[in-house]
Amino acid sequence: MATSSKDLPFGQELHDPREEARSADDRARLCGQVAALDKGRNLALRRHLFDLLETRRTTGSGLPRIGRVIEPGGTDVVVAWGELLLRTVDASEPEAARLLDRFGLVPTPVDGLRGRVVRCVNAEIGPKRLSRLAQTLRNRGFAASVNHIAPLAPIGKGLGGAEPTTVRSDVRGVTTVTGDPGDGVTVAVIDTGIAHKPRTDGWLDQVRRTAHNEDPLDAIPQGGDGFLDYGAGHGTFAAGVVAQVAPGARLVVDRALDSDGIGSEVDVAVALVRAVEAGADVVNLSLGSQTLDDLPPVAIAVAIELVSELEREKQREVMLVAAAGNYGDSRPCWPAAFRRVVSVAGLTSGLRPATWSSRGFWVDCSTVGEGVVSTYVEGTESPELDIQPDTYGTDPWAFWSGTSFAAPQVAGAIARLREAGRPSLRAALAELLAAGRPVPGYGQAIAIMRGT
């Protein structure tokens, strides 16, 4: 699928000609990066990655414990150990209350979701038994689920991680697309947070560091081990993608995942509501998970309902954008699969379907997800995940692959079109989708940034 300037929402502006100077080494590393994403579907490899993550979260680490549920078809779903979620209204029903009491589960309201979800914890109940209890409750008409983990890939983002590059983007001073200026747009990136240390090259200067958004980079195992954690820098990278596409937008970052790239659906749901309450117009979620029985996760479903209520209360519009996932199949990945969310799959640099990307009827659009260049963080990669670990110095740039880096391009493009005078975020989305081409399972394929 060839790309011409007329196919691009912003012409050739985001196709920096210096990208042609990328080295053969960059391209070789990209092949390894993409191959690692494809290998992510291998169950033996996923078990190995899960074991690494679990070992780092041992007793005394201060980190929530995780578990795996093996489904009948052999696939696995990662969950928070010993945690069951219900809508509060269901947990108060006598039949549900009796079942919870029988398993020693005491409902506790989740802070940040307006009392609509309860979390029931019993560390003595393993994931498989807990998933059966959730299914029993659902069969009796109650909205219940385990607390799904929203990782950065099927198990984690360690393999197929970032690679250093000498390519730098230089789009901060560009002229925005023509049109009457719209209201200022705030884009929130909910992810691993942003590096505490500001860059010296001016990139991401507009992002304020807070108690809710700093990525510690090296905190796991407890106290750190001298290497970047498995998901370190993911949020900084995603934020850099938004900044390149929408240099005029107000950019904020919130942390829902730890520096290994692990966070529960409750963590994500609370961060989502918090971002919208704070004024976010567009929210980017470069995370997600498949769920048991492919059912919508309870906490995030409630959070999305609250976002719609906040829209009405504040009489404004909010656009949610999420990565479709890197599972390489057509099973829904949440939150992307919610109708209320713009789901973004990944394409190759030639705008062809990427085999590692999740896809399906529930996907709205797609853009390049291979070899995306953005801002990264200082530190040395862990040799546990990379046999040739790289060390990143001051103000590093890297290229990375995954739907995690396709989604923020779409989030940024929507914000930019709105700022350029489109009457609404939905109108901006409609224009963006109209610039694409339909690809079965991948929605509208849109050219925004260019991959390696």
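Here is a short walk through this structure, which is a predicted model.

Let's start with the sheet. Eight strands line up in the order E10-E7-E11-E12-E13-E14-E20-E19, making an open sheet whose pairing is mixed. What stands at the edges? There you find strand E10, residues 250-255, and strand E19, residues 437-439. Each of these two has a single partner strand, so one side of each is left without a neighbour in the sheet. As you step from one strand to the next, the twist averages 30°.

Now zoom in on one pair within that sheet. E12 and E13 run in the parallel sense and are joined over four bridges. If you want to see one of the partnerships for yourself, find Ala322: its bridge partner in E13 is Ser343.

A helix also belongs in this picture. Helix H7, made of residues 265-277, lies across four strands: E7 (186-191), E10, E11 (282-285) and E12. Against E7, the helix runs at about 165°. Try turning the model until you can look at H7 and E7 together.

Next, follow the chain into its loops, where a few backbone details are worth a stop. Which residues does a cis peptide bond join? One such bond links Ile220 and Pro221, with omega at about -5°. Pro221 sits in the loop that connects strand E9 (214-215) with helix H6 (234-245). Another cis peptide bond goes from Trp334 to Pro335, and here omega is near 15°. The loop holding Pro335 brings us back to the sheet pair from before: Pro335 is found between strand E12 (319-323) and strand E13 (341-347).

Two other loop residues catch the eye for their phi angles. Arg114 is not a glycine, yet its phi is positive, at about 55°. You'll find Arg114 in the loop between strand E3 (106-109) and strand E4 (117-121). Asp395 isn't a glycine either, and its phi is also positive, at about 50°. Asp395 belongs to the loop between strand E17 (391-392) and strand E18 (397-400).

So are these two residues buried or exposed? Arg114 has a relative accessible area of 41%. Buried means under 20% and exposed means over 50%, so Arg114 counts as partly exposed. For Asp395 the relative accessible area is 14%. That value is under the 20% cut-off, so Asp395 counts as buried.

Notes:
Residues are numbered from 1 along each chain as its sequence is written. This is a predicted model: local features need pLDDT of at least 70, side-chain atom pairs count only at pLDDT 80 or more; totals for chains, interfaces and linings use all residues. Side-chain values use heavy atoms; hydrogens and water are left out. Buried means under 20% relative accessible area, exposed over 50%, partly exposed in between (1.4 Å probe, protein chains only). Two strands pair if DSSP finds at least two bridges between them. Axes are lines fitted to C-alpha atoms, for helices over the stretch in contact, and angles run from 0 to 180 degrees between N-to-C directions. Contact means heavy atoms within 4.5 Å.
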